[in-house]
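Good morning, colleagues. I would like to take a few minutes to introduce a structure that is new to this group. Please look at the sequence and the model as they appear.

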There are 2 protein chains.
Amino acid sequence: MVALNAARPLLDAACSRPNACNRCEARRVGLCAPLDAAALADLAAGGMRVSFAPREALFRQGDPADHVFILGGGTARLTRLLPDGRQASVGLRFGGDVLGFTPDAEHALGAEALTEAPACRIGRGELERLFRRHPALERHFLDLCARELAATQDHLVALGRFTAEERVAAFLVTLAEAQERRGHRSPVFDLPATRADLGELLGLTLETVSRTVSAFRRRGWLRAPGPHAVELLDRRALAALASGVGAGAG
Amino acid sequence: MVALNAARPLLDAACSRPNACNRCEARRVGLCAPLDAAALADLAAGGMRVSFAPREALFRQGDPADHVFILGGGTARLTRLLPDGRQASVGLRFGGDVLGFTPDAEHALGAEALTEAPACRIGRGELERLFRRHPALERHFLDLCARELAATQDHLVALGRFTAEERVAAFLVTLAEAQERRGHRSPVFDLPATRADLGELLGLTLETVSRTVSAFRRRGWLRAPGPHAVELLDRRALAALASGVGAGAG
DNA sequence: CGGCACTTTGATCGTGGTCAATAAGTGTGG
DNA sequence: CCACACTTATTGACCACGATCAAAGTGCCG
């Protein structure tokens, strides 16, 4: 549906064959999409192509933060492990997103691939050099950071004031939008996480997530061909819940 | 207690008398501290000095986002009002922090002063011009944004996985640190918010906040000369709770 | 086919929310 | 200076949402 041949090779420049990375979303959305060819070539040249298997860590909480990763596609999550073993997830990240960019010396969060995830790994020093050579790149990092902040604030409001149903509805609607923005066209979309993962992301237990999805299914608001696939049937109802209109309205 | 005369006038350049703004923290911490004199002079010249009374709005949720504000001192909070009247607070902001910097056309959050708050108001267009003239300023916005993101993620973890006591403890310790970083030396520090404000910030009700503070007081962990003043007596205990070590440890 | 990880559903419990009453401040006007 | 109104804080009694504990059920891979 999307005219891929109109896109420049962009990050693919770092691949062995220029047009081999068909799954790289980064060139269409996120960091790389708005960059000019020269900046992208430099970015690709300065970074190292890597790929992560599901459940593989891009970096761990506490690791020295001397690399950033630009996701080429797939899904990853950022997590915090508390001293007593509790785990919280701060958000999902997709193709075009930057992970591990922090002013601190160590990563305060771990990053873990949920699907097979191609990425571009760049050293902090190299990144600083690129910033100096391509001021537009620095500006795009600023925009991306502001956007990530806004998304995190939305999530924060959800955890602070939303009920379990509202949180799950908000998550489903947001995820569907994210996948559509990345070119996904099928009405059935992927839920790239276990119930436990979703619980950690939404501040709920895995049982509550499961029960809530079941409740939505019983109401005819969604269909779940499998535990990791969802089709939103009544998006209006889910979006209403997700916006926080309360029990009074529909 | 702090040698004020050692600091450059910085933002004060916009004041009628160069050294009149003794309460402006922005020149010591946050955005302005690391900037060179020329950039600061331009920043001050491009911005308009304004001051907000307690409970006055810097901007409202839904307002066109055509200005940013650099807090010169005092405390403000960022809030989201949900359609059904629920209110959530996303964080507190202090001298040196930037408010209202968003890639969106409208403010997704409202900003409200909690104390008397001097600020510098700058139009988006003017800010873009300053970015072009002083690349270091853009870089400082990026650093500030990354730091704000990290703080928001910490808060997110707290709302997702912390108990009421852990949230209140984390808030008190964080606030104490913020005030100390800004030169506050007295052991008794200011709680610039009502119990309802704290509830909105911590995802709790005002009653739970009140009960929790009372519980800490009964345990001898803090002293509260008034509802808006606190002295942390057992910082170790509070910090332990705030770090998420769980019920098992101390 | 067996083992294992994940999901679903049920039963019960507890933290924190809700509703309500009282107390403590705070500012205003007589 | 006190009386009054109003806002905020505290505390208590009760309740509900979601957590916890437990047991089937399902699907995948060896």
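**The surface near DNA strand C and the cavities**

Helix 6 of chain A contributes five residues to the surface near DNA strand C, the most of any element. Please bear in mind throughout that this model is predicted.

Altogether, 17 residues surround DNA strand C, and among the closest are Arg195(A), Ser214(A) and Ala164(B). By class, this surface comprises eight polar, five charged and four nonpolar residues.

Which part of the strand faces the protein? Of the DNA strand C atoms within 4 Å of the protein, 62% belong to sugar or phosphate, and the rest to bases.

Let me turn to individual contacts with phosphate oxygens of the strand. The side chain of Ser214(A) places an N or O atom 2.6 Å from one. For Ala164(B), a backbone N or O atom lies 2.7 Å from a phosphate oxygen. In Thr205(B), a side-chain N or O atom is 3.2 Å from a phosphate oxygen. Two elements give two or more residues to this surface: helix 6 (206–218) of chain A and helix 6 (206–218) of chain B.

I now move to the cavities. The whole structure holds four cavities of 30 Å³ or more, and the largest has a volume of about 290 Å³. Its lining has 21 residues, with Leu149(A) and Phe101(B) among the closest to its centre. That lining divides into 14 nonpolar, four polar and three charged residues.

The second largest cavity has a volume of about 50 Å³. Its lining consists of eight nonpolar residues, with no polar and no charged ones; Phe171(A) and Leu198(A) are among them. Helix 4 (residues 164–181) of chain A gives the most to this lining, with three residues.

Technical notes
Residues are numbered from 1 along each chain as its sequence is written. Chains are lettered from A and ligands numbered from 1 in the order in which they are written. This is a predicted model: local features need pLDDT of at least 70, side-chain atom pairs count only at pLDDT 80 or more; totals for chains, interfaces and linings use all residues. Side-chain values use heavy atoms; hydrogens and water are left out. A residue is near a molecule or strand if one of its heavy atoms lies within 4 Å of it. A polar contact is a pair of N or O atoms within 3.5 Å; within protein, one must be able to donate a hydrogen and the other to accept it, and residues adjacent in sequence count only if both atoms are side-chain atoms. Helices (H or I, at least four residues) and strands (E, at least two) are DSSP runs, numbered from the N terminus. Ala, Val, Leu, Ile, Met, Phe, Trp, Tyr, Cys and Pro count as nonpolar, Asp, Glu, Lys and Arg as charged, and the others, Gly among them, as polar. On a 1 Å grid over the protein atoms alone, a cavity is a set of points where a 1.4 Å probe fits but cannot get out, and a pocket is an open set with protein on both sides within 12 Å along at least five of seven lines; lining residues have an atom within 4 Å of a point. Grid points are joined across faces, edges and corners, and a volume is the space filled by probe spheres set on the points.
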